[in-house]
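Student: I should like to examine this model through a series of questions. May we begin with the strands and then turn to the side chains?

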Amino acid sequence: INAEYMGSIDDQKQAASLSSSARRVERFDRVEGPIICPGHSRPVPDVAFSSETSQEAYLISSCLDNKSMLRDGITGDWIGTFIGHKGAVWYARLNAHSSQAVTASADFSVKLWDTNTGDELHCFPHKHIVKTAVFSHDGTHIYT
């Protein structure tokens, strides 16, 4: 490989920043070390990233503190907290458009949330602790 053709690492970074997809990678270059996301007060059994939607990514976490949190998937910045479960939240997932979230809890329920407002849309009672809940591929069903 010809070193003159490749240029310096700084030249490569500048060239990469010209494309829109590389601009997203550039955001990662500014982060040094791990991203700390404070907020939960107990262990976090599950974390999941959303599908990327129009250059945005989200992170949803479940926690044994009875809460689930929504964060910016790139920076880790807090967006909102889903409050309403009376038991540990074991699992949380976003639908394909990141417009809804589903949480599974030790309070024998699964809750459907609006991610824009934080409102609980529906509560699905169960006869036992619920440790997983996911959306169907088309988003029309929730499986527990």
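Tutor: The questions below concern a predicted model, beginning with its sheet and ending with its aromatic rings.

Student: In what order do the four strands of the open sheet stand?

Tutor: Strand β2 (residues 58-62) and β3 run antiparallel and are joined by five bridges. Strand β3 (residues 67-72) also pairs with strand β4 (residues 78-83) in the antiparallel sense, over five bridges. β1 (46-49) and β4 each have a single partner strand, so they stand at the edges. The order is therefore β1-β2-β3-β4.

Student: Which residue in β4 stands opposite L70?

Tutor: β3 and β4 form a hairpin with five residues between them. In the turn, G76 has a positive phi of about 85°. Opposite L70, in β4, stands G80.

Student: How is the aromatic pair of F82 and W113 classed: stacked, edge-to-face or tilted?

Tutor: The structure holds one aromatic pair. The centres of F82 and W113 are 5.3 Å apart, and the angle between the planes is 40°. Planes under 30 degrees apart would count as stacked and over 60 as edge-to-face, so this pair is tilted.

Student: How many residues apart in sequence are the parts that this pair ties together?

Tutor: F82 is buried, with a relative accessible area of 3%, and W113 is buried at 1%. F82 lies in strand β4 and W113 in strand β7 (residues 109-114), so the pair ties together parts whose separation in sequence is 31 residues.

Technical notes. Residues numbered from 1 in each chain as written. Predicted model: local features only at pLDDT ≥ 70, side-chain atom pairs only at ≥ 80, totals over all residues. Heavy atoms only, no water. Pairing = 2+ DSSP bridges. Helix = DSSP H or I, 4+ residues; strand = E, 2+ residues; numbered from the N terminus. Phe/Tyr/Trp six-rings, centres within 6.5 Å; stacked < 30°, edge-to-face > 60°. Buried < 20%, exposed > 50% of the residue type's maximum accessible area, 1.4 Å probe, protein only.
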